[in-house]
Amino acid sequence: MPITSTNPSTGKILRHFEPLTSEQLEAKLALAASAWKAYQEVPLEHRALCMRKLASLLDDEADELARLITLEMGKPIRGARAEVQKCATACRYYAEHAAKFLTPEVIPTEASSSYVRFDPLGVVLAVMPWNFPLWQVFRFLAPALMAGNCGLLKHASNVPQCSLTIEALTRRAGFPRGVFQSLLIESSTVAKVIEDPRVAAVTVTGSNPAGSSVASLAGKHIKKSVLELGGSDPFIVMPSADLHVAIDTAVKARTVNNGQSCIAAKRFIVHEGVYSEFEERFAIAMDTLKVGDPLREDTDIGPLATEQGLLEIEAQVKACLHAGARLITGGERMLGEQGHYFEPTVISGLPRTSAVYQEEIFGPVALLFRVTSLDQAIEFANDTPFGLGASAWTRDPVDQQRFVRDLQAGAVFLNAMVASDPRLPFGGIKQSGYGRELAAAGMREFLNAKTVFIA
Ligand code: NAP
């Protein structure tokens with residue numbers, strides 16, 4: 001089957017690509033293996049030089065790159081531009097900090113010298129999603145290449161142009177041929193790449209079925225894996241919160257990237273003391289968002305990236321209402337049949353016993369819940385198979401400490417929305433996956449912490 005790039009705001013096909021043949025894939029694997037050998041000899045300062053050049057290319061070409069992202073997956077152009085700039089920030093961050101992260105750690109023992117040094121593992125396969133088609137890749141690419149690993153990118157099938165563009169950018173930045181390659185392959189070919197002895201490890205960002213499948217294969221072949229999977233992040237609002245800021249942020253946290261972010265706030269758990277006001281003002285704010293052509297600068301919400309995503313959202317909203325939830329606003333697809341547009345939607349009181357409560361909702365649909373106490377808020381928040389991020393809004397220091405301690409998540413943000421930042425480790429627990437990206441922790445995932453003992 002050809003790999004197809006389709007504009008989700010019009011349904012028009014932009015380009016088709018033939019997947020790699022077995023011979024082409026073999027050539028790329030061979031190139032990656034030989035590139036890795038040679039790349040070991042490239043000094044860290046030179047890698048940093050290339051990484052800084054890559055950052056400059058991203059900055060200089062932010063407008064064209066943003067347009068490509070928006071055309072392929074439909075995010076509003078302002079968000080696409082911010083995404084490109086964030087990639088540049090990550091490149092500069094790792095160019096600056098890699099030397100520190102890679103410095104051997106001296107551990108005094110009875111030896112004349114004992115320490116841990118950090119060596120690259122080799123060629124790492126990155127299986128990536130379409131929702132942040134540049135950022136998801138760069139947060140793997142920047143630390144991996146600075147550490148001396150090589151990358152193979154199997155991007156989501158609906159963003160092949162972004163995939164090829166990233167490889168081209170790395171070449172133009174001066175990284176040697178083969179250090180970072182895009183593989184236009186279908187997901188059914190991923191197994192072949194993982195089992196190849198020239199591939200040392202794999203990272204996957206995507207849905208739970210994809211993560212489970214990749215992790216099983218990695219386990220079978222005893223290869224390191226990192227999984228960044230789905231989320232159903234809670235956004236908790238307590239009576240002491242600054243309600244005005246909390247509501248503004250809640251809207252942004254639910255609708256960022258047309259609602260298709262792993263760390264989007266998906267369940268709004270609001271204390272009864274402020275529930276009615278929150279519900280009313282939040283629903284009005286969701287209603288006033290501008291839905292439409294994502295290439296327009298004033299658009300807040302564009303189409304969902306794929307028709308499949310739109311159908312899933314429609315089915316999930318129906319399932320919520322069928323289970324007894326109340327529709328406050330939205331609930332329907334919009335703007336005709338061509339684009340994949342869905343109304344910003346607010347639903348309250350979904351029974352926790354319903355199957356859909358346990359699912360991730362990947363679109364502009366907010367679920368509201370009323371709770372009577374801090375304990376109940378925490379209980380609701382943790383009642384999910386996922387554990388990616390959590391945002392809690394309270395000015396009470398005692399409440400704050402309880403949330404930090406008791407929320408089951410890879411990150412807890414107080415009085416702020418959950419966001420990724422190159423300086424902070426990012427990752428989840430429970431069904432949201434394992435391992436970390438970003439910061440020093442992200443770079444260390446694909447390094448051999450080699451113990452050295454010299455008697
Ligand atoms: P997806 O359908 O799982 O696809 C992600 C990637 O995995 C794509 O490259 C896909 O290729 C590939 N893939 C799918 N099934 C596979 C299989 N059985 N074996 C090997 N590869 C497979 O996910 P998505 O729809 O692109 O992304 C949305 C999901 O990603 C959401 O659940 C979201 O929460 C999660 N996500 C998580 C994070 C995080 O950091 N935790 C960040 C962003 C997104 P094809 O496109 O060819 O199928």
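Modeller: Before we start, a helix here is a DSSP run of H or I with at least four residues. This is a predicted model, by the way.

Colleague: Thanks! What makes H5 and H8 helices that belong to the ligand's surroundings?

Modeller: H5 spans 135–147 and H8 spans 208–220, and each supplies at least two residues of the shell around the ligand. H8 gives the largest share, three residues.

Colleague: Why is the approach of Ser-157 to the ligand called a polar contact?

Modeller: The cut-off for a pair of N or O atoms is 3.5 Å. An N or O atom in the Ser-157 side chain is 2.4 Å from a ligand oxygen, so the pair qualifies. The side chain of Glu-360 has an N or O atom 2.6 Å from a ligand oxygen, and therefore passes too. For Lys-154, a polar side-chain atom lies 2.9 Å from an oxygen atom of the ligand.

Colleague: And how much of the ligand does the protein bury?

Modeller: Alone, the ligand exposes 900 Å², of which the protein buries 84%. The ligand sits in the largest pocket.

Colleague: Which kinds of residues form the shell, and which domains do they come from?

Modeller: The shell has 13 nonpolar, eleven polar and four charged residues. Domain 1 (3–229 + 432–454) and domain 2 (233–421) each provide at least three residues.

Conventions
Residues are numbered from 1 along each chain as its sequence is written. This is a predicted model: local features need pLDDT of at least 70, side-chain atom pairs count only at pLDDT 80 or more; totals for chains, interfaces and linings use all residues. Side-chain values use heavy atoms; hydrogens and water are left out. A polar contact is a pair of N or O atoms within 3.5 Å; within protein, one must be able to donate a hydrogen and the other to accept it, and residues adjacent in sequence count only if both atoms are side-chain atoms. Accessible areas come from the Shrake-Rupley method with a 1.4 Å probe; for residues, only the protein chains shown count as cover. On a 1 Å grid over the protein atoms alone, a cavity is a set of points where a 1.4 Å probe fits but cannot get out, and a pocket is an open set with protein on both sides within 12 Å along at least five of seven lines; lining residues have an atom within 4 Å of a point. A molecule sits in a cavity or pocket if more than half of its atoms lie within 2 Å of its grid points. Ala, Val, Leu, Ile, Met, Phe, Trp, Tyr, Cys and Pro count as nonpolar, Asp, Glu, Lys and Arg as charged, and the others, Gly among them, as polar. Domain bounds come from an automatic or database domain assignment.
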